[in-house]
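These are notes on the model, set out as numbered points. Please read them with the structure open.

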Amino acid sequence: MIRGMGRSAWDTESRKVIWVDDGAEGLPPGMAEGRYLCRACREKLILKGTRIGSKVQPYFAHRGGAGCSRSEKEALLDAADEVVIRLREQIRALPGVTGCTTASPGEDHMDPALMPPAVLARFGTTTVVIEAPPATPLGTETIRRRIQAVRDEHAGAQHVWFLKRDFGQFHRLAPQPVWLRGKNTLHEQVAPNEQQLVILAAGGHVYWLDGKAVLVPYGIRRFPHPVQRDQDWTNWRRWKSDPRDDWRISKPRPAPDAHTWGLVPIAFSSLTRTRGTFRPADAYQVMDELYAAQESRFNWRNQHAREVYAAATPPARAESDAKPVTDAPEPLESGQITDDAIVPPLLPQEPEAEMPTRAASEPESDVGSAEVEIPAPPAHPPYVPRAPAPAPPAAQVATPRLWQRLLRFTRRDD
Ligand SMILES: [Zn+2]
């Protein structure tokens with residue numbers, strides 16, 4: 001770009017950023033009574049090159065033609081704008097989009113927060129305000145101000161933040177091993193920062209955009225299984241780590257007390273698969289499966305702890321354990337994957353079709369089946385959902401029994 005030929009300006013009349021690449025038709029040329037402002041130096045700009053037959057494309061010029069006095073800031077703003085324009089084009093190309101434009105909720109040229117514009121998209125009756133903030137972390141106050149402005153100007157809209165997988169917005173931790181669809185899988189894991197927690201607490205959605213993939217977070221909360229009177233959790237064969245060390249998922253959004261966030265990768269194009277909505281349905285499906293695997297893992301470990309105890313205890317004391325002690329399936333031997341992900345191979349494979357899948361639209365709840373009571377460690381009080389937890393559906397209570405039956409069935413075969 002030639003020095004002094006700006007591609008964008010703040011339009012004091014429409015209170016939006018104007019990009020000349022989007023077309024300058026209908027905009028008054030010249031000074032236009034001071035309508036156009038430079039966002040970097042806040043000087044009045046002149047719209048040029050709009051005349052029919054003009055030899056140049058339309059552009060904004062600073063007075064005197066010397067260019068912006070704060071050209072570095074101007075370049076940063078332009079770079080942030082480009083990310084938003086690219087995202088807008090990506091969203092426009094999604095199926096089911098009925099409108100897609102840009103807006104700057106809450107931006108005030110007298111007191112600019114200098115956030116890049118947001119993409120305003122409509123999917124049927126749903127309005128989604130989509131942010132793509134720059135890599136430099138925004139201040140918490142800037143985030144709060146934007147959230148409030150979106151509520152004021154676009155009541156009822158979903159507020160979605162697409163962050164970048166880079167240093168400023170992605171605090172990467174060691175990957176989280178999970179048991180998914182019959183095998184051990186690694187999910188990326190991040191430590192959420194203050195801004196991301198603010199967005200979540202306000203009801204917004206934090207996703208990461210990585211090319212054509214979107215990373216959708218769920219909550220991970222670690223805890224040690226409590227030791228029941230008839231359980232032995234020590235010296236489990238082939239377990240290198242403490243089998244009491246476990247974690248529980250919060251979904252479809254991370255709970256405020258989650259220690260870290262695990263990330264489900266999904267295709268960007270799948271976000272509007274359900275007509276008229278904008279929803280990471282594929283990620284919610286995976287989270288439901290992680291929850292089901294968790295319930296089977298909790299059950300298996302608790303049962304195994306009872307079996308280890310019974311095996312080491314004279315029959316008279318273990319009378320209440322009517323079941324004969326047999327060789328339970330051993331955890332898989334695995335290299336770098338920790339025992340966290342290990343569930344006996346039998347359990348999650350067979351009953352998948354019978355797995356209770358809770359609709360992601362249901363209120364999030366960490367409450368499992370009545371048979372599995374895993375209180376959180378005393379150091380961290382258990383997470384209590386804000387809304388009363390729904391009673392677990394009957395199928396959910398029945399599922400562990402189904403697995404136990406399958407387990408016993410297999411054992412008879414052995
Ligand atoms: Zn300027």
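1. A residue is called buried here if 20 or more other C-beta atoms lie within 10 Å of its own, exposed if 12 or fewer, and partly exposed in between. Gln169 has 22 C-beta neighbours inside 10 Å and therefore counts as buried. Gln169 sits in the loop between strand E9 (158-164) and strand E10 (172-180). Apart from neighbours within four places in sequence, Gln169 is in contact with Ala135, Pro137, Leu163 and Lys164. The C-alpha atom of Gln169 is also separated by 8.8 Å from that of Pro192, 23 residues apart along the chain.

2. The model is predicted, and confidence should be checked before details are read. The protein chain has an average pLDDT of 80, and 75% of the residues score at least 70. Over residues 321-414, however, the pLDDT is below 50; this stretch still has 125 contacts in the model beyond near neighbours in sequence.

3. On the overall make-up, the secondary structure of the protein chain comes to six helices and 15 strands. Of its 414 residues, 35% count as buried. Taking contacts between residues at least 6 apart in sequence, 68% join residues at least 24 apart.

4. Does the length of helix H4 agree or disagree with its number of residues? Helix H4 (residues 281-311) has 31 residues, which at 1.5 Å a residue should span 45 Å. The C-alpha atoms at its ends are 45 Å apart, so the two values agree. As to its surroundings, 24 of the 31 residues of H4 are buried, so the helix is largely enclosed by the rest of the structure.

5. Glu295 is one of the residues of helix H4. Glu295 counts as buried because 21 C-beta neighbours lie inside 10 Å, against a cut-off of 20 or more. Its C-alpha atom is separated by 9.1 Å from that of Arg248, a residue 47 places away along the chain.

6. A second link to H4's stretch of sequence involves Pro252. Pro252 and Gln285 are 33 residues apart in sequence, and their C-alpha atoms are 9.2 Å apart in space. Pro252 lies in the loop between strand E14 (245-250) and strand E15 (260-267). The peptide bond that joins Lys251 and Pro252 is cis, with omega about 0 degrees. Pro252 is buried, because 26 other C-beta atoms lie within 10 Å.

7. How do helices H2 and H3 lie relative to each other, roughly parallel or roughly antiparallel? Two packed helices are described by the angle between their axes and the distance between the axes. For helix H2 (residues 140-153) and helix H3 (residues 194-201), the axes come within 9 Å and cross at roughly 20 degrees. Angles under 35 degrees count as roughly parallel, and H2 and H3 are therefore roughly parallel to each other. The crossing of H2 past H3 is right-handed.

8. The residues that meet between these two helices can be listed. From H2 they are Thr140, Ile143 and Arg144; from H3 they are Glu194, Gln195, Val198 and Ile199. On the spacing of such positions, an α-helix has 3.6 residues a turn, so residues three or four places apart point the same way.

9. Val129 belongs to strand E8 (residues 126-131). Val129 counts as buried because 23 C-beta neighbours lie inside 10 Å. Leaving aside neighbours within four places in sequence, its contacts are Pro105, Ala118, Leu120, Val150, His154, Ala157 and His159. With Val150 the C-alpha to C-alpha distance is 7.6 Å, although the two are 21 residues apart in sequence.

10. Two residues other than glycine have a positive phi and deserve a look at the backbone. Arg15, with phi near 55 degrees, lies in the loop between strand E1 (8-11) and strand E2 (16-19). Arg15 has 15 C-beta neighbours inside 10 Å and so counts as partly exposed. Asn235 also has phi near 55 degrees. Asn235 is found in the loop between strand E13 (213-224) and E14, and is exposed, because 9 other C-beta atoms lie within 10 Å.

Terms used: Residues numbered from 1 in each chain as written. Predicted model: local features only at pLDDT ≥ 70, side-chain atom pairs only at ≥ 80, totals over all residues. Helix = DSSP H or I, 4+ residues; strand = E, 2+ residues; numbered from the N terminus. Expected span 1.5 Å × (residues − 1). pLDDT = per-residue confidence, 0-100. Contact = placed C-beta atoms within 7 Å. Axes fitted to C-alpha atoms, helices over the stretch in contact; angles between N-to-C directions. Parallel < 35°, antiparallel > 145°, perpendicular 65-115°, else oblique. Left-handed = near helix turned anticlockwise from the far one by under 90°.
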